[in-house]
Amino acid sequence: MVLTLNIDQIALTTQDWICKVQIVEIGRPRESPDKKCRFQNLILEDEQECQIKTVLYADEIEQYAEMLKLMNTYLISTARVKISQTSHGKPIHKFYWVLDKETVIEHITPSNGVENPLPPPTKLNITIFDRIPHMMLDSPVEIDILAIVLRCSPQKYAGRSNHKCREIIICDNHKNQFLLTLWEDFGEIEGNEIEAKMEKEMDLIVILGRNIGISTFQGLSLQSRYNSTIRIAPNYPQAVELTKWAKENKSMLLSRESNKTSTSSSAPLMMGLFYLEAEMAISDELQEFCVLECSGCKQKKRTKDRKDFHCPKCNRKITLLPRCIFQIDLTDGTATVTTSISGELGEKLLSMTAEDIFDITCAKRQSLHVNHVHEMLSNKLFQIQLRKSSWGSSNNTQATYSIISYMEKQHTSPTAIDRNSKNIRPLEISEMEVTETTTAAGSSNATPKFEPPTPTKKL
């Protein structure tokens, strides 16, 4: 007996099922990063607005090209069900489907008589621009965005491998702007379409981007990835509303649009360099103390498996190498701030190599003993060079701190510091020896200015 089920009712072992779905997104056929196969991504939605990613490969792309259309409804029977990968962030469903030659697909039309087509979709899993600066940067995480296009630049060649790309400036209805880089064929196909539409139409256009990457390239920016989709002028209610808002506020938006394409104007990455004197302490002994990263591009990976893998950024087979990185607290008489220390500096402080740290914490799955570090740091004052990176919107700012050098201060009496004090006031600039080199990332002509005097406090 064939069961008519919803997407959530279908599992790996479910047999003889039928599901009524609508295609709410359909990407272009593309090559995999290793050039070994062609694939096409679709997103299907059922009557309960549950969504699932669906993939076509090779011959099936051509086989179903004429049948599968955006916003059309289908009865799909016994597609192959597979477990979704989580390396690119949280997937829209724990499973995904593969439509192959053995899958049965029936197109439902208004004249079908038996089944009615599903109504136009309304569900979007959009990441708002204000959240982007708080997400993990230069990571595999991918997001969906709905945005207004303010400017579309000509195609150019960029990056260490001289790849073709096109940069566009996008914004949301809170006037937050981001640079979005469309790489390779996205710049040629979707980029050309955006450019042509902007030249032809009087109103600003709206795009829906799925599986978009976040990068610290030239500040804080967005970029297409190999499995991204860019849809121009989508007909979702949210997109229609945003288009209307853009039309009403076109003059204001274009007047605010930055001439700089190097960074987000709403969430600029600011770099500050300054010195301070403080005590150092490792308060979190359960942290991992190291990560694995690509030996070529230095991209951090979440895995603890050191087997060779094909790096899409380097476009070759790469070995993962451990890098020492951990958090350490800095405390003076006024406040405590949590910073990171990495590389050779971190290894020096721990008196062990990254390979040794990885072997203990990951291979042997043991805790790292740092009693010798506590003894070495106890009641000592250090002269520390600190880098501050800050970003955010007009009403919300985030900052991270990293140590780039440290040295024990000689001939200084230990300073009594109450680490448990509840009355901690912010560090004041008069209490630091500040050497400031703060500029907007990507700008070589910005006027140097003092670092904001209030580091993040850890209470």
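Is Tyr406 buried or exposed? Tyr406 is buried, because its relative accessible area is 15% and the limit for burial is under 20%. Please keep in mind as you look around that this is a predicted model.

**The overall picture**

The protein has 459 residues, and buried ones make up 45% of them. Its secondary structure consists of seven helices and 25 strands. If you take the contacts between residues at least 6 apart in sequence, 64% of them join residues at least 24 apart.

**Two nonpolar cores**

A good place to begin is the largest nonpolar core, which has 32 residues. Met280, Leu349, Leu350, Ile384 and Ile403 are the members with the most contacts inside this core. Strand 21, covering residues 320-331, gives the most to the core, with five residues. To see the surroundings of one member, try Ile384: setting aside neighbours within four places in sequence, Ile384 is in contact with Phe274, Tyr275, Leu276, Ala278, Met280, Leu330, Ile403, Ser405 and Tyr406. There is also a second, separate core of 23 residues, and Ile23, Tyr74, Ile76 and Val81 are among them.

**Aromatic pairs**

Now for the rings. The structure has five aromatic pairs, and two of them are set out here.

| Pair | Centre to centre | Angle between planes | Arrangement |
|---|---|---|---|
| Phe289 and Phe326 | 5.3 Å | 45 degrees | tilted |
| Phe382 and Tyr406 | 6.1 Å | 70 degrees | edge-to-face |

The tilted pair links distant parts of the chain, with Phe289 in the loop between strand 16 (270-281) and strand 17 (290-294), and Phe326 in strand 21, 37 residues apart. Phe289 and Phe326 are both buried.

The edge-to-face pair of Phe382 and Tyr406 likewise brings together distant parts of the chain: Phe382 belongs to strand 23 (residues 382-393) and Tyr406 to strand 24 (residues 396-408), 24 residues apart. Phe382 counts as buried because its relative accessible area is 5%, and the cut-off is under 20%.

**Charges over rings**

Tyr406 turns up once again here, since Lys348 lies over the face of its ring, at 5.4 Å from the ring centre. Elsewhere, the charged end of Arg28 sits over the ring of Phe186, 5.2 Å from the centre of that ring.

**Cavities**

What about empty space inside the protein? The structure holds three cavities of 30 Å³ or more. The second largest has a volume of about 40 Å³. Its lining is made up of Gly27, Arg28, Arg30, Phe39, Gln40, Asn41, Tyr226, Asn227, Ser228 and Thr229. Arg28, the residue whose charged end sits over Phe186, is thus one of the lining residues. Strand 4 (residues 38-45) supplies the largest share of this lining, three residues.

**A buried threonine**

Where is Thr54 placed? You will find Thr54 in strand 5, which spans residues 51-57. Thr54 counts as buried because its relative accessibility is 0%. Apart from neighbours within four places in sequence, its contacts are Gln40, Asn41, Leu42, Leu44, Trp97 and Leu99. Gln40 and Asn41 also help to line the second largest cavity, so these two names make a handy link between the last two stops of the tour.

Notes:
Residues are numbered from 1 along each chain as its sequence is written. This is a predicted model: local features need pLDDT of at least 70, side-chain atom pairs count only at pLDDT 80 or more; totals for chains, interfaces and linings use all residues. Side-chain values use heavy atoms; hydrogens and water are left out. A nonpolar core is a set of buried Ala, Val, Leu, Ile, Met, Phe, Trp, Tyr and Cys residues joined through side-chain atoms within 4.5 Å. Buried means under 20% relative accessible area, exposed over 50%, partly exposed in between (1.4 Å probe, protein chains only). Helices (H or I, at least four residues) and strands (E, at least two) are DSSP runs, numbered from the N terminus. Contact means heavy atoms within 4.5 Å. Rings of Phe, Tyr and Trp (its six-membered ring) pair if their centres lie within 6.5 Å; planes under 30 degrees apart count as stacked, over 60 as edge-to-face and the rest as tilted. A charge sits over a ring if NZ of Lys or CZ of Arg is within 6 Å of the ring centre and within 35 degrees of the ring normal. On a 1 Å grid over the protein atoms alone, a cavity is a set of points where a 1.4 Å probe fits but cannot get out, and a pocket is an open set with protein on both sides within 12 Å along at least five of seven lines; lining residues have an atom within 4 Å of a point. Grid points are joined across faces, edges and corners, and a volume is the space filled by probe spheres set on the points.
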